[in-house]
Amino acid sequence: MSRRQTQSAAAEGALEREKPAFLDHLYQGYRVVILVLFMTIFFPSMNPARICGLINRTSSLLTCAFSYGSLTANVGRAFDKGWILESTLKLDHYSALVCCLGIFACAAGACVSAGNGRMKRLGNLLSLCGSASSLISLRGFDAAYRQIILTEKPDKVKPSFPPFLYGMAVILLAVLVLTVCVMIGMRRRPKEDHFEMETQYRLFLLLLPFLLLTFVFCYLPLWGWRYAFFDYHAGESLSLSNFVGFKWFRQLVGNGARAKDILRVMKNTLIMSFLGLGTSWLPMMFAIFLSEVHHTKYRRFVQTFTTIPNFISWILVFSIANTIFATDGFLSSIMVNLGVWSSGKNLLMSGSHTYLKMWAWGTWKGLGWSAIIYIAGISGIDQQLYEAATVDGAGRFQKMWHVTVPGLLPTFMVLFLMGIAGILSNGMDQYLVFQTTANSKQIEVLDLYVYNMGIINGFIPLSTVVGMLKSIISVILLFSANAVSRVIRGESIF
């Protein structure tokens with residue numbers, strides 16, 4: 001470290017020691033408020049851009065800001081009749097866009113504030129500009145709403161004052177005030193300061209986008225669980241008038257026909273899952289045998305050839321299956337030409353051996369892809385173990401059994417435990433495209449049952465109940481399997 005950097009670090013440390021204690025508390029509150037502000041853009045009930053009943057009530061502020069088509073999806077007739085001017089909704093759209101960008105700036109400022117003094121000043125500037133621009137954009141929502149009120153057909157347009165407009169204003173005002181306070185409370189840093197941040201904060205910020213994606217796609221949808229407690233039909237709104245408590249939970253077990261369907265679906269799901277778990281060692285063995293191939297080009301070709309099916313959609317897989325097993329397909333043509341069959345047979349329409357067929361297609365599609373993690377695990381095994389085994393006179397298969405397999409067992413056990421946790425989650429795509437009238441009873445797994453009941457038949461609350469129970473049972477299975485692993489192997493994945 002140079003003398004100038006040493007002096008700068010010393011000055012920085014001295015100034016940090018002189019920093020008022022209340023400034024840390026201000027920064028903590030400032031970050032918490034910005035976190036709350038950032039979360040509001042994902043919840044439809046907190047959308048200040050919903051200024052009339054024609055705007056979809058399931059649209060969040062983020063959707064209205066970046067998708068003008070979603071904002072105006074139900075307003076086409078109102079545009080044609082002149083009930084709403086397009087300029088009004090454009091004002092609403094641009095206000096939502098400015099508001100979102102301002103919130104993004106505030107979030108960026110909160111992230112940057114984890115650095116040194118110079119980065120804190122940059123973060124304060126971003127938060128100040130972002131909160132101010134978002135506050136100004138709220139005036140655009142109010143102006144758009146007032147234009148909606150003046151329409152000739154208010155009963156057709158259904159003007160609705162954004163219920164969370166004032167709440168958003170309060171949060172943005174709190175961010176603005178806290179930002180000003182921390183700017184006043186900060187001491188000046190030396191001009192030669194560089195933009196610096198501690199390693200732990202940099203690593204956290206690198207992880208933050210993945211945490212946000214997990215929140216948006218895994219935890220935010222849990223907000224839809226509330227439909228299980230309402231007598232809800234598509235297009236209606238939730239209110240205390242259609243609140244039914246645990247009615248749908250009782251109906252799930254109290255209705256005899258429904259209980260039989262659930263038992264049938266659970267049977268299909270468990271059979272499919274146990275077939276997968278029982279053969280989960282196949283990717284590991286494939287990877288072991290593939291690693292024993294010393295011809296590099298051939299090994300790469302086989303690995304690529306077996307991995308490609310994972311990237312083929314199930315629609316195309318069904319097309320391939322139809323080409324081979326349909327009445328006029330490849331297999332039927334050969335059997336008819338050989339005189340084995342008198343006429344072609346459509347093996348896809350048959351309801352026999354459905355479980356084995358689905359397992360075979362799933363294994364073919366995912367074998368090469370699942371083997372990648374084991375191939376990576378083999379490369380991490382200490383080569384000295386193989387050399388020691390060679391010295392002891394071990395042959396090729398003995399080294400595979402006594403060195404490679406034990407080296408891969410920890411990886412296999414982790415994946416096996418994760419498979420137990422997902423024993424009720426077979427997916428839906430494969431079974432949906434292969435579903436026919438002949439095999440519908442055997443192929444309907446839990447995910448497909450939820451889809452058919454909720455989307456096809458319209459029983460949204462009941463399908464939500466089934467989805468909730470599936471998630472809860474999966475979590476219980478995961479922790480149970482982890483407890484068994486801790487007792488038997490002395491290791492835990494948590």
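1. Charge distribution. In this predicted model, the chain carries 42 positive and 26 negative charges, and the mean positions of these two sets lie 3 Å apart. The surface can be described alongside this: the chain exposes about 27700 Å², of which carbon and sulfur atoms supply 66%.

2. Secondary structure and overall form. The chain contains 23 helices and zero strands. Its radius of gyration is 30 Å, whereas the globule rule gives 23 Å for 494 residues; the value is well over that figure, so the chain is more spread out than a compact globule. The C-alpha trace spans about 85 × 75 × 45 Å along its principal axes.

3. Burial and contact range. Of the 494 residues in the chain, 37% are buried. When contacts between residues at least 6 apart in sequence are considered, 69% of them join residues at least 24 apart.

4. Helix α11. This helix covers residues 247-254, and its buried residues are W248, F249 and L252. Viewed down the axis of α11, the buried residues fall within an arc of 110 degrees, so they line one face of the helix. R250 and G254 are exposed on the other side of α11. The cover over the buried residues of α11 includes α12 (256-278) and α23 (460-488).

5. Backbone at K158. Most residues other than glycine have a negative phi. K158 departs from this pattern, with a positive phi near 60 degrees in a residue other than glycine. K158 sits in the loop that runs between α8 (154-157) and α9 (165-185). Is K158 buried or exposed? Its relative accessibility is 52%, so K158 counts as exposed, the cut-off for that class being over 50%.

6. Backbone at H353. A positive phi is also found at H353, at about 55 degrees, although H353 is not a glycine. H353 is placed in the loop between α16 (330-337) and α17 (354-379). With a relative accessible area of 58%, H353 is exposed.

7. Residue S440. S440 belongs to helix α21, which comprises residues 440-443. The relative accessible area of S440 is 21%, and S440 is therefore partly exposed; buried would require a value under 20%. Which residues does S440 contact, leaving aside its neighbours within four places in sequence? They are R264 and Q435. The C-alpha atoms of S440 and T354 are separated by 9.6 Å, and these two residues are 86 residues apart along the chain.

8. Residue S474. Helix α23 holds S474, and α23 is one of the elements that cover the buried residues of α11. S474 is itself buried, with a relative accessible area of 11%. Apart from neighbours within four places in sequence, S474 is in contact with A421, L424 and S425. S474 and M413 are 61 residues apart along the chain, and their C-alpha atoms are separated by 17 Å.

9. Residue L173. L173 lies in helix α9, the helix on one side of the loop that contains K158. At 46% relative accessibility, L173 counts as partly exposed. How far apart are the C-alpha atoms of L173 and S131, which are 42 residues apart along the chain? The separation is 7.3 Å.

10. Residue L385. Helix α18, residues 383-391, contains L385. L385 has a relative accessible area of 47% and is partly exposed. The C-alpha atoms of L385 and Y232 are separated by 62 Å, and the two residues are 153 residues apart along the chain.

Conventions:
Residues numbered from 1 in each chain as written. Predicted model: local features only at pLDDT ≥ 70, side-chain atom pairs only at ≥ 80, totals over all residues. Heavy atoms only, no water. Helix = DSSP H or I, 4+ residues; strand = E, 2+ residues; numbered from the N terminus. Rg over C-alpha atoms; globule rule 2.2 N^0.38 Å. Buried < 20%, exposed > 50% of the residue type's maximum accessible area, 1.4 Å probe, protein only. Contact = heavy atoms within 4.5 Å. Areas by Shrake-Rupley, 256 points an atom, 1.4 Å probe, with all protein chains shown as cover. Lys, Arg positive; Asp, Glu negative; His and termini not counted. Charge placed at Lys NZ, Arg CZ, Asp CG, Glu CD. Arc of directions from axis to C-beta.
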